[in-house]
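User: I am new to this structure and would like a close look at a single part of it. Please choose one element, explain which of its residues face inwards or outwards, and follow its links to the rest of the model.

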Amino acid sequence: MSVNPADLQALDAEMTRAFATGDASRLEVLGYGEITTVVVCTSGGRQYACKRLPTFAAVQPAERYAALFDEYVTTLTTSGVRVVPSSLQRLARDDGTVVLYCVQPVLPARQLAARVIERSNDAQALRLFETVLDRILAAVSPRVGVDGQLSNWMVDGDDVLLLDVTTPMLKDAAGRDRLDTGLFLAAVPPP
């Protein structure tokens, strides 16, 4: 799954403008996360959910992140966690920095687990919570983590799909985070 590079470039320019001016009126925002924003990009007659990740200083750190992202998705899938189809697309900038976008299909907001649970009775809510918990428990280990917020999960029939895989929660054999969390924290303004 990929967006036409010219369409992604135009989206990136609009996001850059929106960040600089505080005016997001020309963007269709699907959601705001703690670090990033997810917006719609129309390309080739289809709509995609595009999550802009923090800027990388150069190509090599972006490639390391992309490899970690792929490993994380594979690790989760192998452990039984269904992941929303996700791919990364790279935009190189004239100054040598690199921006990555996580591209996914636009899914119905009513299927977000957080929204489904709002309209569920007690038994349905418990079943949904147990389904998410089962997926998390199947995946987690001393070297793998999963962000369990309900807002990161989509309901798909009797099962769930993990939506947010852009923070690869993987540790090395010594228990150190393999993701350079400084990259993501650099995007947060200081207190």
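Analyst: **Helix 2 and what surrounds it**

Gln60, Arg64 and Thr78 are exposed on the other side of helix 2 from a set of buried residues, namely Ala62, Tyr65, Leu68, Phe69, Tyr72, Val73 and Leu76. Those buried residues cover an arc of only 135° around the axis, which puts them on the same side of helix 2; the arc is that of the directions from the helix axis to the C-beta atoms. Here buried means under 20% relative accessible area, exposed means over 50%, and partly exposed lies in between, with a 1.4 Å probe and protein chains only. Helices (H or I, at least four residues) and strands (E, at least two) are DSSP runs, numbered from the N terminus.

This is a predicted model, in which local features need pLDDT of at least 70 and side-chain atom pairs count only at pLDDT 80 or more, while totals for chains, interfaces and linings use all residues. Residues are numbered from 1 along each chain as its sequence is written, and side-chain values use heavy atoms, with hydrogens and water left out.

Helix 2 has 20 residues and reaches 28 Å from its first C-alpha to its last, which is close to the 28 Å expected at 1.5 Å a residue; that expected span is 1.5 Å times one less than the number of residues. After helix 2 comes Gly80, whose phi is positive, near 105°.

The buried side also takes part in ring pairs. Rings of Phe, Tyr and Trp (its six-membered ring) pair if their centres lie within 6.5 Å, and planes under 30 degrees apart count as stacked, over 60 as edge-to-face and the rest as tilted. By this rule the count comes to two aromatic pairs. In one, the rings of Phe56 and Tyr65 have their centres 5.6 Å apart and their planes at 45°, so the pair is tilted. In the other, the centres of Tyr65 and Phe69 are 6.3 Å apart and their planes are at 35°, so this pair is tilted as well. Tyr65 and Phe69 are four residues apart in helix 2 (residues 59–78), and therefore separated by about one helical turn. Tyr65 is buried, with a relative accessible area of 4%, and Phe69 is buried with 1%. Phe56, Tyr65 and Phe69 form one aromatic cluster.

Beyond the rings, helix 2 belongs to a wider assembly. A nonpolar core is a set of buried Ala, Val, Leu, Ile, Met, Phe, Trp, Tyr and Cys residues joined through side-chain atoms within 4.5 Å. The largest such core has 29 residues, and those with the most contacts inside it are Leu76, Val146, Trp153 and Val165. The elements that give two or more residues to this core are helix 2, strand 6 (98–105), helix 3 (113–118), helix 4 (122–139), strand 7 (153–156) and strand 8 (159–162), and helix 2 gives the most, with seven residues. A second, separate core of 14 residues includes Leu8, Leu11, Met15 and Val99.

Val146 shows how residues of helix 2 meet others in the chain. Not counting residues up to four places away in sequence, Val146 touches Tyr72, Leu76, Ile136, Ala139, Val140, Trp153, Leu162 and Met169, where contact means heavy atoms within 4.5 Å. As a general background, nonpolar side chains tend to be buried together in soluble globular proteins.
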